[in-house]
Amino acid sequence: MWLAVITLFPDMFHAITESGITGRAIKRNQVQFCCINPRDFTTDNYHRVDDRPFGGGPGMVMLAEPLEKAILHAKALAVSAGYSKVPVVYMSPQGTTLNEAGVKQLVEHDGLIVLCGRYEGIDERIIEQYVDQEWSIGDYVLTGGELPAMVMLDSMIRRLPDVMSDQQSAEQDSFVDGLLDCPHYTKPDVFNGVAVPAVLKTGHHLNIEKWRFLQRYQRTKTRRPELLASVQLTRQQKKWLKDDVDTALS
Ligand SMILES: O=C(NCc1ccc(CNCc2ncc[nH]2)cc1)c1csc2nc[nH]c(=O)c12
């Protein structure tokens with residue numbers, strides 16, 4: 001996947017390019033990643049990327065011209081890399097709140113240009129003339145769009161084929177079927193006097209799968225009941241639930 005990020009703080013992106021699964025995917029060239037700094041497209045002596053808002057008010061607004069040049073440069077890079085229609089995504093508090101469905105849609109594209117704002121935001125004419133989608137990562141205020149961009153890109157990159165060591169673990173992600181995750185345990189058997197649930201050491205895979213499902217269902221029901229509305233249970237899972245209720249009532 002071809003990715004270009006437009007940002008005043010390219011060094012921040014070392015967090016995803018230099019380590020972990022995302023760093024490996026970039027090193028393996030499963031992802032082509034670059035940062036483009038609007039400041040490199042300024043022509044004034046002060047390399048201005050922002051200015052005061054028309055109409056007054058606090059803070060500054062990112063200037064349209066350096067952003068436009070950066071976007072056009074990113075589009076030119078995409079074309080020369082063989083990608084024609086590359087959407088422009090703007091990370092914005094006014095955007096749609098990102099979720100797994102949104103990530104799935106985004107990672108279907110061959111290429112993406114991600115625009116990160118700072119200050120109070122960017123000149124509205126850039127949004128009107130160049131932005132295809134606006135995404136937020138939640139209703140809390142941050143200092144810029146870079147961390148939201150990294151959150152979104154991390155979630156996208158792990159979904160690319162052959163990026164996750166065990167594709168299955170990616171598919172079984174709790175958010176894929178809508179349920180929260182079950183508890184996980186590893187050595188030692190007993191930690192501070194607390195033992196691992198016995199079923200996990202039986203090697204009885206069906207019982208283990210049943211236990212894990214019931215844990216996930218119970219956790220979702222207790223912590224995020226609203227998620228249950230969009231959960232599709234398999235016939236087997238429905239039977240396990242029935243068994244569990246019968247056992248509880250017996
Ligand atoms: O650029 C981002 N944030 C920087 C930022 C923060 C505050 C303001 C000023 N807003 C004034 C206002 N808001 C409502 C009414 N008046 C502008 C820009 C950002 C990108 S995606 C995302 N997702 C979750 N949270 C985020 O902050 C972000």
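This report describes selected features of a predicted model, namely one helix, several salt bridges, the surroundings of the ligand and some backbone details.

## Helix α6

Helix α6 spans residues 146–157 and contains 12 residues. From its first C-alpha to its last, the helix reaches 16 Å, which is close to the 16 Å expected at 1.5 Å a residue.

Nine of the 12 residues of α6 are buried, so the helix is largely enclosed by the rest of the structure. The buried residues near the beginning of the list are E146, P148, A149 and M150. The others are M152, L153, S155, M156 and I157. As general background, an α-helix has 3.6 residues a turn, so residues three or four places apart point the same way.

## Salt bridges

Side chains of opposite charge can pair when their charged atoms come close. The structure holds nine salt bridges, and three of them are described here.

One salt bridge joins R159 to E100, with the closest N and O atoms 2.5 Å apart. R159 lies in the loop between α6 and α7 (167–171), while E100 belongs to helix α4 (residues 100–106), so the pair ties together parts that are 59 residues apart in sequence. R159 has a relative accessibility of 18% and therefore counts as buried, because the limit for a buried residue is under 20%. E100, at 23% relative accessibility, counts as partly exposed.

A second salt bridge links D123 with R125, and here the closest N and O atoms are 2.7 Å apart. D123 is buried, its relative accessible area being 15%, whereas R125 is partly exposed, with a relative accessible area of 46%.

A third salt bridge is formed by D243 and K210, whose closest N and O atoms are 3.7 Å apart. This pair links distant parts of the chain: D243 is in helix α10 (residues 235–249) and K210 is in helix α9 (residues 205–223), 33 residues apart. Both partners count as partly exposed, D243 at 22% relative accessibility and K210 at 24%. These two residues also belong to a network of salt bridges in which K210, K239 and D243 are linked.

## Surroundings of the ligand

There are 16 residues around the ligand. Those that come nearest are E120, I137, G138, Y140 and L142. By character, the residues of the shell divide into nine nonpolar, six polar and one charged.

Strands β5 (88–97) and β7 (133–136) each supply at least two residues of this shell. The largest share, three residues, comes from β5.

Backbone atoms of the protein also lie close to polar atoms of the ligand. A backbone N or O atom of Y140 is 2.7 Å from a nitrogen atom of the ligand, and a backbone N or O atom of I137 is 3.1 Å from a nitrogen atom of the ligand. In the case of G145, a backbone N or O atom lies 3.4 Å from an oxygen atom of the ligand. On its own, the ligand has 600 Å² of accessible area, and the protein covers 70% of that area.

## Backbone details

Most residues other than glycine have a negative phi, and most peptide bonds are trans. The following places in the model depart from these patterns.

Which two residues are joined by a cis peptide bond? The residues are K187 and P188, and omega is about 0° at this bond. P188 is found in the loop between α8 (174–177) and β8 (190–191).

N29 is not a glycine, yet its phi is positive, near 65°. N29 is placed in the loop between α2 (20–27) and β2 (32–36), and it is exposed, with a relative accessible area of 52%. D162 likewise has a positive phi, of about 65°, although it is not a glycine. D162 is found in the loop between α6 and α7, and its relative accessible area of 61% makes it exposed. R159, described above as the partner of E100, also lies in the loop between α6 and α7.

Methods: Residues numbered from 1 in each chain as written. Predicted model: local features only at pLDDT ≥ 70, side-chain atom pairs only at ≥ 80, totals over all residues. Heavy atoms only, no water. Helix = DSSP H or I, 4+ residues; strand = E, 2+ residues; numbered from the N terminus. Expected span 1.5 Å × (residues − 1). Buried < 20%, exposed > 50% of the residue type's maximum accessible area, 1.4 Å probe, protein only. Salt bridge = Lys/Arg side-chain N within 4 Å of Asp/Glu carboxyl O. Near = heavy atom within 4 Å. Polar contact = N/O pair within 3.5 Å; in protein donor to acceptor, adjacent residues only side chain to side chain. Areas by Shrake-Rupley, 256 points an atom, 1.4 Å probe, with all protein chains shown as cover. Nonpolar A, V, L, I, M, F, W, Y, C, P; charged D, E, K, R; others polar.
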